[in-house]
Amino acid sequence: AARMSGQVQKMLIYGEKTYETARKTGNPGHEISAVSELVDDYQYVRDFRKVGELIEQGMAILPKLPQNSRVTWESAFYHHLGTEHIRLRQYEAAIDAYTYAVNSKDRHLALFRGTPIGDPAKEEAQVTLLLRIMTLGNAYRLANKLDEALAQYQRALSLVKVLSLKYVFEGEIHASLGTIYLRQKRYTEALERLNEALSFAESQGNPSSLINVNNRIGDTLRQLGKPAEALPYYQKTIQQIESTRSLLESQDYRQSFFAGGLAAYLSIIETSLAANR
């Protein structure tokens with residue numbers, strides 16, 4: 001909750017407390033769950049040395065788990081591994097890791113055959129499968145395999161509709177589709193999807209989504225030759241970056257978080273010039 005609401009210092013505190021408590025239980029299931037959360041936390045603040053250590057730690061715990069839960073955490077840690085490959089621009093390796101994560105989650109869902117509709121554990125597994133499909137789509141997009149990426153995003157959106165899920169990350173599907181349409185210069189469709197995504201981000205108050213979607217709308221309007229219309233979206237992006245960054249107590253984390261948002265500053269400079277401002 002702290003991570004999704006942008007309270008990044010609280011996120012780190014709660015994550016570390018969870019891990020400390022999980023280790024005391026001696027239960028590998030509790031420990032690997034806490035490690036997985038910490039991976040997300042340290043990715044958020046871009047402490048990638050720590051992320052690498054945590055992924056290795058999680059992979060070492062996997063063999064200690066019973067088969068039913070092992071397949072779940074295999075999916076999670078191959079997802080984390082894929083994300084590291086993305087950071088290092090190893091896109092083919094990321095596609096392989098994310099494909100394994102999707103297939104593992106499919107195997108996990110197979111364990112729910114015959115489970116009634118509305119079962120919370122089954123719904124959680126379905127939502128996680130959607131997240132895995134989305135990250136696989138992102139890897140294809142970054143590898144410039146746009147048709148394969150589009151197929152994954154459309155599969156995710158179809159699953160939301162078919163399963164009638166209340167999917168908290170549905171806005172990210174629209175944002176990803178908008179990004180593909182932007183790459184394909186299908187600007188009208190891109191804006192339509194990105195505005196859908198912005199509506200979700202604003203209703204949820206999700207700072208990370210607000211940064212990404214406002215920035216992409218600015219990019220779309222800029223490519224359409226409308227720099228004056230693009231500027232407010234870049235301004236909103238920067239305001240959100242500064243707001244989130246101000247909540248971090250560590251100077252190192254403030255700096256690394258800021259480094260992740262530099263593209264928006266470059267964009268607003270170039271767009272201001274194009275608008276004669």
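Where is the place of leucine 273? In helix α13, residues 262-274. Keep in mind that this is a predicted model.

Let's stay with that leucine. Leucine 273 is exposed, at 61% relative accessible area. The cut-off for exposed is over 50%, so leucine 273 qualifies. It has company. Leu266, Ile269 and Leu273 make up a nonpolar surface patch. Together they offer about 330 Å² of accessible area.

Now the salt bridges. How many does the structure hold? The count is 11. Side chains of opposite charge can pair when their charged atoms come close. I'll take three pairs.

Pair one is arginine 3 with aspartate 41. Their side chains meet at 2.5 Å, N to O. This pair links distant parts of the chain, 38 residues apart. Arginine 3 sits in the segment before α1 (8-25). Aspartate 41 is in helix α2, residues 28-44. How exposed are the partners? Arginine 3 is partly exposed, with a relative accessible area of 22%. Aspartate 41 is buried, at 2%. There is a wider network here too. Salt bridges link Arg3, Glu37, Asp40 and Asp41.

Pair two is arginine 49 with glutamate 53. The closest N and O atoms are 2.7 Å apart. Both residues lie in helix α3, residues 48-61. They are four residues apart, about one turn of the helix. Arginine 49 is exposed, with 57% relative accessible area. Glutamate 53 counts as partly exposed, at 38%.

Pair three is arginine 107 with glutamate 74. Here the N to O distance is 3.7 Å. Again, distant parts of the chain are linked, 33 residues apart. Arginine 107 is in helix α5, residues 91-110. Glutamate 74 is in helix α4, residues 67-87. Is glutamate 74 buried or exposed? Buried, with a relative accessible area of 17%. The limit for buried is under 20%, so glutamate 74 falls inside it. Arginine 107 counts as partly exposed, at 41% relative accessibility.

Last stop, asparagine 206. This residue is found in the loop between α9 (187-204) and α10 (207-223). It is a loop residue, yet asparagine 206 is buried, with a relative accessible area of 6%. Which residues does asparagine 206 touch, not counting those up to four places away in sequence? Met4 and Ala201.

To recap. Leucine 273 is exposed, in helix α13. Aspartate 41 is buried and pairs with arginine 3. Asparagine 206 is buried, in a loop.

Note on methods: Residues are numbered from 1 along each chain as its sequence is written. This is a predicted model: local features need pLDDT of at least 70, side-chain atom pairs count only at pLDDT 80 or more; totals for chains, interfaces and linings use all residues. Side-chain values use heavy atoms; hydrogens and water are left out. Helices (H or I, at least four residues) and strands (E, at least two) are DSSP runs, numbered from the N terminus. Buried means under 20% relative accessible area, exposed over 50%, partly exposed in between (1.4 Å probe, protein chains only). Contact means heavy atoms within 4.5 Å. Patches are made of residues with over 30% relative accessible area and no salt bridge: like charges are joined within 9 Å, nonpolar side chains (Val, Leu, Ile, Met, Phe, Trp, Tyr) within 5 Å. Accessible areas come from the Shrake-Rupley method with a 1.4 Å probe; for residues, only the protein chains shown count as cover. A salt bridge is a side-chain nitrogen of Lys or Arg within 4 Å of a carboxyl oxygen of Asp or Glu.
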